[in-house]
Amino acid sequence: MVGPVRPLFVLFGSSIVQMSYDHGGWGAILSDIYSRRADILLRGYFGWNSRRAVEVLDQVFPKDAAVQPSLVIVYFGGNDSMGPHSSGLGPHVPLPEYIDNMRKIASHVKSLSASTRTIFLSCPPVNEAIIRGSTSGIFSEIVRTNELCQQYSEACIKLCQEMDIKVVDLFTAFQKTDDWLNACFTDGIHLSAEGSKIVVEEILKVLREADWKPSLHWKSMPLEFAEDSPYDLVAADGKTTLNPSGWTFYREIQWD
C-alpha cells in the first residue's frame with residue numbers, strides 16, 4: 001500500500017470491465033474523474049459469467065481485509081445470456097441461476113462493511129448483425145441476441161429493486177443514442193469510446209442522486225493535498241499562486 005489512504009472503488013465483472021481502460025474506456029474515465037479523490041481498482045475477467053464470479057468472491061473480496069471498498073460496481077450478464085451450446089460447454093448460465101448468482105454477489109458485497117456501496121450494471125444490447133457476420137473461425141457459433149440480453153437485463157434490474165441496490169439500465173441507456181448499433185461498440189459486443197461515455201454518465205447520475213453518507217459523487221469528495229502552496233504556478237499579478245489541484249480544463253467532457 002501507498003499513502004495517503006483513499007476511498008477504494010472496485011470494478012468487478014467480465015470483459016466489459018477488463019477492457020474498460022482501452023478504447024477510451026469507462027474505467028479509465030472514472031480513474032481520471034476521481035484522481036486525487038479515490039483509487040479505482042480493476043477486477044475484470046474476459047469471458048467470465050456469474051457462475052465463475054461466485055466461485056471467487058472470497059478471494060476477490062475477503063471479508064477479513066484490512067481495508068474494504070467504499071464502492072463496488074458489478075457487471076455480469078452478457079456472457080451468461082449467450083445461448084447454450086449443444087456440448088454443454090461455454091459461458092451460458094440459465095436465467096434462474098443467473099439471478100441467484102447475482103443475489104449471492106450482492107449479499108457478499110453488502111456484507112463487507114456497513115459503508116460499502118454497490119452499483120450493478122445491467123446487460124447492454126448488442127449489434128446482432130456484426131456478431132452474425134463474424135467469420136474468425138476461432139469460436140464455435142455464438143448465439144447472442146438482444147432478446148436474450150433484454151431478459152437478463154430486466155432480471156438484474158428486478159433483483160436490484162428487490163434488494164435495494166442501485167442499478168444502471170444499460171440496455172435502455174444505449175438505445176437512447178442515435179445510431180447506437182454502430183456508435184457504441186467496437187465489435188458488436190465490447191464498448192467503444194462512445195459506449196463507455198454512456199456508462200460513465202449513467203454511473204455518475206446514480207452517484208449524484210444517491211442518498212449516501214458520505215457521498216461518493218466526485219464533486220462531494222475531498223481532494224488530496226489540495227492546500228495552496230507557494231510552489232504553485234505564479235498568477236498574472238506576479239504576487240500570488242494558482243492552485244491547480246481541482247483543474248479539469250484538459251478533459252474532453254466536463255462531467256457533472
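## Exercises around helix 2

The buried residues of helix 2 are covered by, among others, strand 1 (8–13), helix 1 (15–18), strand 2 (39–44), strand 3 (71–75), strand 4 (117–121) and helix 10. Covering goes by contact, meaning heavy atoms within 4.5 Å. Helices (H or I, at least four residues) and strands (E, at least two) are DSSP runs, numbered from the N terminus.

The model is predicted, so local features need pLDDT of at least 70 and side-chain atom pairs count only at pLDDT 80 or more, while totals for chains, interfaces and linings use all residues. Residues are numbered from 1 along each chain as its sequence is written, and side-chain values use heavy atoms, with hydrogens and water left out.

**Exercise 1.** Find the buried residues of helix 2 and work out how they are arranged around its axis.

*Step 1.* Go through residues 26–33 and pick out the buried ones: Trp26, Gly27, Ile29, Leu30 and Ile33. Buried means under 20% relative accessible area, exposed over 50%, and partly exposed in between (1.4 Å probe, protein chains only).

*Step 2.* Now look down the axis of helix 2: its buried residues fall within an arc of 160°, so they line one face of the helix. The arc is taken from the directions from the helix axis to the C-beta atoms.

**Exercise 2.** Describe the surroundings of His190.

*Step 1.* Place His190 first: you'll find it in the loop between helix 9 (180–183) and helix 10 (193–209).

*Step 2.* Check its exposure: a relative accessible area of 10% makes His190 buried.

*Step 3.* List its contacts, skipping residues up to four places away in sequence: His190 touches Ser15, Ile16, Met19, Phe46, Cys184 and Phe185. Take Ser15: it's 175 residues from His190 along the chain, yet their C-alpha atoms are separated by 7.6 Å.

**Exercise 3.** Classify the pair Tyr45 and Trp48, then the pair Trp247 and Phe249.

*Step 1.* Get the rule straight: rings of Phe, Tyr and Trp (its six-membered ring) pair if their centres lie within 6.5 Å; planes under 30 degrees apart count as stacked, over 60 as edge-to-face and the rest as tilted. The whole structure has 9 aromatic pairs.

*Step 2.* Tyr45 and Trp48 are 4.5 Å centre to centre with 25° between the planes, which is stacked. Tyr45 is partly exposed at 23% relative accessibility, while Trp48 is buried at 12%.

*Step 3.* For Trp247 and Phe249, the ring centres are 5.9 Å apart and the planes sit at 65°, so this pair is edge-to-face. Here Trp247 is partly exposed at 35% and Phe249 is exposed at 65%.

**Exercise 4.** Decide how many disulfides there are.

*Step 1.* A disulfide is a covalent bond between the sulfur atoms of two cysteines. The test used is a pair of cysteine sulfur atoms within 2.5 Å.

*Step 2.* Try Cys123: its closest cysteine sulfur, in Cys149, is 3.9 Å away, too far for a bond.

*Step 3.* Try Cys156: its closest cysteine sulfur, in Cys160, is 4.3 Å away, and that's too far for a bond as well.

*Step 4.* The count by this rule is 0 disulfides.

**Exercise 5.** Locate His23 and Arg36, and look at the phi of each.

*Step 1.* His23 is in the loop between helix 1 and helix 2, with a positive phi of about 55° although it isn't a glycine.

*Step 2.* Arg36 lies in the loop between helix 2 and strand 2, and its phi is near 70°, a positive value in a residue other than glycine.
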